[in-house]
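Visitor: I should like to take a close look at the interior of this protein. Please describe how its nonpolar residues are gathered and how the helices around them pack.

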Amino acid sequence: MARSNVLNTNTINYLDLIGNGKRYRVPPYQRDYSWSEEQWEDLWNDLMDLRSAPDEPHYLGALVVEEQTDREFLIIDGQQRLATLSVLALAVIARLRAMADEGIETDANRERARELRNRFIGEKDPASLTESSRLYLNETDDAIYQDYLVQNREPRNPRRLPRSNRLLWQCFIQFRQRLEALTELRHDGRATAGVLSETMARQLLFILITVDDELNAYTVFETLNARGLELTTTDLLKNFLFSRVRVPSDLQALQRRWQALMDTVEQERFPELLRYHMLCELPKVRSQRLFKLVRGRVKTADGVFALLDELERRAELFVAVGDPSHGYWVDLPDAKPYIRELTLFRVRQMMPLLFTAWESFSKANFVSVLRMVSVLSFRYTVVSSRNPSALEAAFHYAAKPVKDGTVTTPAGVFERLKPIYVDDAKTRQDFAGLEVGTSGRKRRLAKYILARLEADASGRACDPDTDPATIEHILPENPADDWEETFDSARWDTSVYRLGNLTLLESAANRRIGNAAYLDKVSAYSESTYAISQDIPRMAPEEWTPELLEARQSRLAARAVHLWRADFA
């Protein structure tokens, strides 16, 4: 980043950060205060350790601020830490005042409290005699901070406060109690003041990054993005959009609609929704460029509301595509199997195409596109393990003409997707060597594949989610010594999770045969109600060898090619 864009990057202690009349503001619509006991406890323990090592510095990470004037700064990243430190400072000041009220060095402790308040919290302007706070929180939290914490007043009913307000108040109470409980500080105003004036002020260090506009703040944020409860990409995007709306009634409407959108999508997934939304029109949208793209496109309040209109229209579908039980599919049950498959395959790159197909096609044609995408994803991702980076560009290439109205049928969509449709020969070849683990999420994938093969072989339904079958390893996962004759340790390692070594079997039979020798398993396969298991004794009546495994998997691969084939191929 150019030097002209980053005004300053330097290491600074808490005293220098908060001193010299500097004021820091949290943008009005930035995330509310969210630290809780775990973070407070960590900070307190760090401070107690530092008290016993007065020459030792302690870094609290990077702060990103945007310069408004030489003394006014917006906090882009770091508000949770600054708010917590300020509350801790207020707890120290409150403890000094309490000591004075108890008759402990009354004059000295009142003076200490006054000086610390002027230095770290705020002071009266000598001209106007008005209070000037050094820190201003967002619109949800600033009132309790300024009117109660700074003024050392207790809220009338803390339990009825908004959650973030309660957290700020609980933070103050916890730090005040910790200070009261320390025996070595209980009657020592000088040592109590030193917690703030020495330990916090001089030993707590930050890397302060000062930028000159929100775009560079966002770029810095993306570089440092490892913040836990600190600012998120969604916070930055939200702050920018709200900054483009000036009319109070519009701001209130935007706040209501934004909250409804977050209730649908969840804050953590909003950048993903926004990125897939933009991929409907743009061929490449990197996460790191989201802010810049939005900044270049949204210039006015009308632009903000237009973007929100589009996102609201697509948010429910975005969520529903990851959940086959979502109410979205109640009136479209034919879509559920393909939604379930896409969720199982962990494919999301097709979202731009699904957005535009839902908006432009009939429900029947939308389901046709869903099936096409599922088949394509199975061949491309599950069977052939191809590079997923090519998928986004391909799905954009199909989505944009659907949006523009130049592609109006599923067949037309398939023509656009042909470059990523793995052909039959390659699918058969790759399926013949396919390995699928049988634990965790991969177990669901293995059962799905076997259930689809079983349904095709038997001609009856076999739902992988409801069918009681278990996955049987013909060559066991933990084979007895007599298996060594046909599968030595090297061959076992490359064979046990091959799809040709897996079948479906009734759970009682599976438990009974366990890790038995192959001849002891054959009768269970013969008696099974599953067609793909009944076929095993016919092709391998006496032994199970690597060659027979290969032969069985080749036969399954031939079945898979016609089973997972696009309608328009």
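Guide: The account below begins with the nonpolar cores and then turns to helix packing and to individual buried residues. The model is predicted, and the description should be read accordingly.

The largest nonpolar core comprises 103 residues. Within this core, the residues with the most contacts are L353, F431, I449 and W564. Its greatest contributor is helix α16, spanning residues 363–383, which supplies twelve residues. As a general background, nonpolar side chains in soluble globular proteins tend to be buried together.

I449 illustrates how distant parts of the sequence are brought into contact. Beyond residues up to four places away in sequence, I449 touches F378, V382, F431, L434, V436, L499 and W564. Two of these partners, F431 and W564, are themselves listed with I449 among the residues with the most contacts inside the core. Apart from this core lies another, of 63 residues, with M48, A94, L204 and F206 among them.

Y14 has contacts with two of those named residues. Y14 lies in helix α1, residues 14–18. Its relative accessibility is 1%, so Y14 counts as buried. Neighbours within four places in sequence aside, Y14 is in contact with L85, S86, F120, L196, M200, A201, L204 and F206. By contrast with these contacts, the C-alpha atoms of Y14 and L370 are separated by 56 Å, the two residues being 356 apart along the chain.

The packing of α16 can now be considered. Helix α16 packs with helix α18 (residues 410–417) at an angle of about 25°, and their axes are 9 Å apart. Because of that angle, α16 is roughly parallel to α18. The crossing in which α16 passes α18 is right-handed. On the side of α16, the contact is made by N365, S368, V369, M372 and L376, and on that of α18 by P410, V413, F414 and L417. The residues of this contact divide into seven nonpolar, two polar and no charged.

A second helix pair offers another arrangement. Helix α24 (residues 531–539) and helix α25 (residues 546–563) pack at an angle of about 135°, with 11 Å between their axes. The angle therefore makes α24 oblique to α25. Here too the crossing is described by its hand: α24 passes α25 in a right-handed crossing. From α24, the residues I532, D535, I536 and M539 meet L548, A551, R552 and R555 of α25. In this contact, five residues are nonpolar, none is polar and three are charged.

Two further buried residues, one charged and one nonpolar, complete the picture. R275 is found in helix α11, residues 270–278. With a relative accessible area of 14%, R275 falls under the 20% limit and is therefore buried. Not counting residues up to four places away in sequence, R275 touches V285, R286, S287, L290 and E392. One of these partners, L290, lies in helix α12, residues 290–297. L290 has a relative accessible area of 1% and is thus buried. The C-alpha atoms of L290 and T233 are separated by 9.2 Å, although the residues are 57 apart along the chain.

Methods
Residues are numbered from 1 along each chain as its sequence is written. This is a predicted model: local features need pLDDT of at least 70, side-chain atom pairs count only at pLDDT 80 or more; totals for chains, interfaces and linings use all residues. Side-chain values use heavy atoms; hydrogens and water are left out. A nonpolar core is a set of buried Ala, Val, Leu, Ile, Met, Phe, Trp, Tyr and Cys residues joined through side-chain atoms within 4.5 Å. Buried means under 20% relative accessible area, exposed over 50%, partly exposed in between (1.4 Å probe, protein chains only). Helices (H or I, at least four residues) and strands (E, at least two) are DSSP runs, numbered from the N terminus. Contact means heavy atoms within 4.5 Å. Axes are lines fitted to C-alpha atoms, for helices over the stretch in contact, and angles run from 0 to 180 degrees between N-to-C directions. Angles under 35 degrees count as roughly parallel, over 145 as roughly antiparallel, 65 to 115 as roughly perpendicular and the rest as oblique. A crossing is left-handed if the near helix is turned anticlockwise from the far one by less than a right angle, and right-handed if clockwise.
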